[in-house]
Amino acid sequence: MMGVYKTRNNDNVDDGESSDSDDDDDLGDVPDTREYMPVDVEGLQSINIGGGNSGFNMGDLQNMTMENGEEDDEDEDDEDDEDDIKLQDGDALVVVAKTEEDFASLEINIFDAESSNLYIHHDIPLPSFPLCLALGSVVSSYQSNNVATAGNYVAVGSFEPGIEIWNLDVMNALEPTMVLGGMDTSGAEDDWMRMQSASMGKKNTKKKKGASSSGLREGSHTDAVMGLSWNTVHQQVLASGSADGTVKLWDVTQTKGGYVRPSATLTHHTDKVQSLAWHPSEGTLLATGGYDRRVCLVDARSAAAVSSTKANQSVKKAKLLADCEAIAWDPHNPNYLTAASEDGVVQCWDVRKFGADPVWSFVAHEYGGVSDISYNSQVPGMLMTCSIDKTVALWDTQNASSPTPQPCGSKDMNVGKLYSVSCYPSSPWLLACGGSGHELAIWDMESEDAIQKRFASRVNDGDGAAATAAANNDDGADEPDFEAIMAAEDNAATSKALDGMSKSKKKKGKKKGKAHSKRK
């Protein structure tokens with residue numbers, strides 16, 4: 001309701017009312033007593049509005065405040081979002097562990113090779129700074145019968161003693177699928193009740209029987225997890241190496257009491273364990289490398305079947321001149337194990353003569369050492385190394401004219417110091433690396449003429465690869481069947497299997513020097 005005010009032109013006329021100034025006529029002080037009237041849909045329809053052939057329907061009434069075409073734009077945006085989420089056949093997925101200041105996350109990136117478009121599909125926040133990753137396909141469903149669940153999973157090692165396993169198929173995941181080791185939270189409610197009782201002066205603070213005094217789950221690592229490797233033969237088995245100097249084997253399908261306990265714990269290293277790698281075809285052979293300047297070959301079945309002391313006695317060891325940074329098996333020559341150290345040296349051993357002199361050794365990066373190595377699973381003889389000198393280098397390990405790998409080119413990836421390098425397993429020419437620049441770099445080598453000239457003829461050349469492997473395995477006829485011998489699951493049989501790998505006596509090493517400390 002609006003008020004009406006009279007005005008008089010004659011100042012001398014008195015109508016019995018006092019004359020107020022303009023300042024007193026402030027409508028802002030008048031309360032608004034209007035009531036909101038909802039749209040009467042039935043009433044509008046009764047006068048032929050909202051129906052019929054008027055050209056004005058109820059959808060228009062409900063969207064009267066929406067601009068023309070805005071709804072269509074939102075539908076188009078939704079379709080674009082769905083297209084971005086949906087994976088195409090030619091998409092290459094790259095999982096990256098990333099840290100920025102006080103925030104850590106897992107990023108699942110998609111690279112479209114046709115358009116050279118790289119974008120983040122989704123990300124997962126992490127509670128602690130990550131140190132290593134391993135991709136797997138099987139975990140436990142936590143049912144009473146320990147049924148395995150297939151999918152796309154990633155195990156994450158961090159500065160914490162626990163290993164988190166995340167489901168990459170779930171977007172906006174709030175918690176990991178499972179945690180191996182780490183803090184024991186099963187008694188958190190009891191601890192809270194004890195604290196409340198103590199604050200009220202009650203003395204009933206009895207601790208739950210069986211609770212760990214360290215606060216960690218039974219069998220957990222006690223320090224940061226620095227290396228992980230998921231077994232490609234026995235897909236439920238995960239190996240982990242830690243700064244506590246131990247290597248643990250986990251069967252992620254076997255849960256007891258609500259969590260997974262390690263199947264075996266090995267203590268054959270005397271310092272931090274940096275890297276691990278399962279053999280690509282012999283599912284019981286595990287290679288490990290640590291800051292005690294040793295590369296070790298472990299029989300996993302002996303580790304599970306006998307005590308830790310006896311299992312350590314059957315471990316084969318090779319000495320390095322510096323701390324081990326990365327190890328890798330040659331997928332085209334399964335007898336060759338390669339290790340890289342912080343002094344920039346890369347060397348390879350024939351595991352049948354493990355502990356003797358390496359097959360070849362060379363300096364890959366003179367400044368900054370080698371931070372990671374990787375073989376191309378589709379191109380025989382292609383080895384990739386990266387370094388904190390910001391470059392990726394390619395090497396030919398099957399050059400008949402030279403006993404040592406030959407350089408095939410290098411490239412500055414422009415993402416800072418490089419910490420990791422990997423080749424896409426579904427394409428022979430895609431290489432990815434990450435570094436201190438907080439960015440992922442992709443190198444498409446298909447357009448590199450020098451690389452194509454050297455390696456293109458080897459792709460999908462099964463006969464050539466077989467011939468090369470046969471040449472390197474000239475005495476392979478006497479090689480023992482590892483799986484058959486290890487099936488005995490006793491220390492004598494496993495020792496025989498490992499002894500059969502070496503046809504020459506292991507040379508007695510010099511006294512082990514104290515490894516210098518290094519912060520990772």
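A residue counts as buried here when its relative accessible area is under 20%. Keep that cut-off at hand for this tour of a predicted model.

**Stop 1: Asp 292**

Select Asp 292, in the loop that runs from strand S13 (285-290) to strand S14 (294-299). Is this residue buried or exposed? Asp 292 has 4% relative accessibility, so it counts as buried. Now show the side chain and add Thr 270 to the selection: the Asp 292 side chain reaches the backbone nitrogen of Thr 270 at 3.1 Å.

**Stop 2: the whole chain**

Zoom out for a moment and switch to a cartoon view. The protein chain has 10 helices and 26 strands. Of its 520 residues, 43% count as buried. If you turn on a surface, its accessible area comes to about 29,400 Å², with 47% belonging to carbon and sulfur atoms. A contact map is worth a look too: among contacts between residues at least 6 apart in sequence, 50% join residues at least 24 apart.

**Stop 3: the sheet S4 to S7**

Next, pick out the open sheet of four strands, ordered S4-S5-S6-S7 with antiparallel pairing. Its edge strands are S4 (130-140) and S7, each of which pairs on one side only. Neighbouring strands in this sheet are turned by 25° against each other on average, ignoring direction.

Inside the sheet, select strand S5 (residues 148-158) together with S6; the two pair in the antiparallel sense over five bridges. Which residue of S6 is the bridge partner of Val 154? Label Trp 166, and you have that partner.

Trp 166 also leads on to Pro 176. This proline sits in the loop between strand S6 (163-167) and strand S7 (178-180). Leaving aside residues up to four places away in sequence, Pro 176 touches Glu 164, Ile 165 and Trp 166. For a distance to check in the viewer, take the C-alpha atoms of Pro 176 and Ile 163: they are 13 residues apart along the chain and separated by 9.7 Å.

**Stop 4: strand S17 and its partners**

Now move to strand S17, residues 336-341, where six of the six residues are buried. In a regular strand, side chains alternate between the two faces of the sheet. Colour the two faces of S17 separately to follow this: Tyr 336, Thr 338 and Ala 340 lie on one side, Leu 337, Ala 339 and Ser 341 on the other, and all are buried.

Add strand S16 (residues 324-329), which pairs with S17 in the antiparallel sense over five bridges. Within this pair, Ile 327 stands opposite Ala 339. S16 and S17 form a hairpin, with six residues between them.

On to strand S18 (residues 345-350), which also pairs with S17 over five bridges in the antiparallel sense. Here, Thr 338 has Cys 348 as its bridge partner. How many residues lie between the strands of the S17 and S18 hairpin? There are three, and Gly 344 in the turn has a positive phi of about 90°.

**Stop 5: Arg 352**

Follow the chain past S18 into the loop before strand S19 (360-363), and select Arg 352 there. Arg 352 counts as buried because its relative accessibility is 3%, which is under the 20% cut-off. Finally, display the side chains of Arg 352 and Asp 350 together: they make a polar contact at 2.6 Å.

How values were computed: Residues are numbered from 1 along each chain as its sequence is written. This is a predicted model: local features need pLDDT of at least 70, side-chain atom pairs count only at pLDDT 80 or more; totals for chains, interfaces and linings use all residues. Side-chain values use heavy atoms; hydrogens and water are left out. Contact means heavy atoms within 4.5 Å. Buried means under 20% relative accessible area, exposed over 50%, partly exposed in between (1.4 Å probe, protein chains only). A polar contact is a pair of N or O atoms within 3.5 Å; within protein, one must be able to donate a hydrogen and the other to accept it, and residues adjacent in sequence count only if both atoms are side-chain atoms. Two strands pair if DSSP finds at least two bridges between them. Accessible areas come from the Shrake-Rupley method with a 1.4 Å probe; for residues, only the protein chains shown count as cover. Axes are lines fitted to C-alpha atoms, for helices over the stretch in contact, and angles run from 0 to 180 degrees between N-to-C directions.
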